[in-house]
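Here is a short tour to read with the model open beside you. It starts at the end of one helix and then moves on to packing and cores.

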Amino acid sequence: MKTITTTDDLAAFCAAAAEAPYVTVDTEFLRERTYYSKLCLVQLALPGTDDDTAVLVDPLAGDLSLDPLMELFRNPDVVKVFHAARQDLEIFYIDHGVIPEPLFDTQVAAMVCGFGEQVGYETLVKRIAKASLDKSSRFTDWSRRPLTDAQKKYALADVTHLRVIYEHLAAELARTGRDRWVAEEIAVLTDPETYVTRPEEAWLRVKTRSTSPKFLALVRELAAFREAHAQDRNIPRNRVFKDDALTELASTKPATMEDLGRSRLLLREARKGAIAEGILAAVKAGMECPKDKLPKPDTSRDQLQVNPALADLLRVLLKAKTESSGVASRLIAPAADLDAIAAGMRDVKALTGWRREVFGADALRLCEGEIALAAKGRNVKVIEL
């Protein structure tokens, strides 16, 4: 098990990788105590069955630069293969401003190839590579050095089995002509906007019962302060204050340090210093927000007049399409999309791109009364009217 700790060795491996059709990639990182992930290990493997073509790269080694790896990630002739790539890609984009392309995500491909909803790597290893994983090192501290042999073996397995999985799924996509479907999904992963978190938009992730614009203005300002503070100090946002404390503050509108001291949910550290001052400033900004700058929540879906019978029929149609296509139903159309279609909305993801081919076109025909559904044994058939 080779561990790369110098830039020269990494450059030599990446030069060899530049001649390969693909490289499999995985990472180990920590995020429990930070806002941004701390990269602790990068695993890489080239095509073949020889484990000598798989390496561990130690980004914590003092004299190691990841620049050669970033150059490989930019190489358009080498496919970069990940499983469930989002968090890995976020690390490389935040730390280096690079998103590996061309990209192949085996989790996305597996959902298109009939392996179910958000299929895990261990499942694919068992079903495709016919192997098993030792998961005993999964939750170890990857920042500690030296790494144990068990940790190294676990980490390498995440890229060595991935070669077999990638080749199998790539061949299946080529056979079925579904490469384009996966490409549509991967376009989201390779879009830098996927990894940008703007403090002024953080309030959209906070669940509240009230849709009052004045209340939401307070939520917006408090969430923006929390996000910016967490980013600046690289600490988890919940270490600043949690969502329940945020909505409590938006309701009680503290104006002084004494008011903050009465909060039931605010952490002790947030009742003083920079956090307390930031809270009071955010509340003040929310209270003074001009009427024309108040948030305007999207309540369109809350007011949908859903035809329940049609929604049920769409669910039956989706189940039939899922079974016939082998594509995971959640990937085609989540329940919210079905309700939106049944309420007459047409600006829905399930009605666009490859989803329209698999489900959307017939969903619209069902809504227009152009087709019907009939049960035949254990299957559902589409009948032209």
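Helix 3 is followed by Gly-97, which has a positive phi near 70°. Please keep in mind that this is a predicted model, where local features need pLDDT of at least 70, side-chain atom pairs count only at pLDDT 80 or more, and totals for chains, interfaces and linings use all residues. Residues are numbered from 1 along each chain as its sequence is written, and side-chain values use heavy atoms, leaving out hydrogens and water.

**Helix 3**
- Buried residues (under 20% relative accessible area, 1.4 Å probe, protein chains only) in helix 3, residues 86-96, include Asp-88, Leu-89 and Phe-92.
- The buried residues of helix 3 pack against several elements, among them strand 2 (22-30), helix 2 (67-74) and helix 7; contact means heavy atoms within 4.5 Å.

**Helix 7 and helix 16**
- Helix 7 (residues 179-189) packs on helix 16 (residues 353-367) at about 130°, with the axes 8 Å apart.
- The two helices, helix 7 and helix 16, are therefore oblique to each other.
- Arg-180, Trp-181, Glu-184 and Glu-185 of helix 7 meet residues of helix 16 including Trp-354 and Arg-355.

**Nonpolar cores**
- The largest nonpolar core (buried Ala, Val, Leu, Ile, Met, Phe, Trp, Tyr and Cys joined through side-chain atoms within 4.5 Å) has 82 residues, and Leu-44, Leu-169 and Phe-359 are among those with the most contacts inside it.
- Domain 1 (2-195) and domain 3 (308-384) both give residues to this core, so it lies between them.
- Another core, of 28 residues, lies apart from it and includes Trp-203 and Val-283.

How values were computed:
Axes are lines fitted to C-alpha atoms, for helices over the stretch in contact, and angles run from 0 to 180 degrees between N-to-C directions. Helices (H or I, at least four residues) and strands (E, at least two) are DSSP runs, numbered from the N terminus. Angles under 35 degrees count as roughly parallel, over 145 as roughly antiparallel, 65 to 115 as roughly perpendicular and the rest as oblique. Buried means under 20% relative accessible area, exposed over 50%, partly exposed in between (1.4 Å probe, protein chains only). Domain bounds come from an automatic or database domain assignment.
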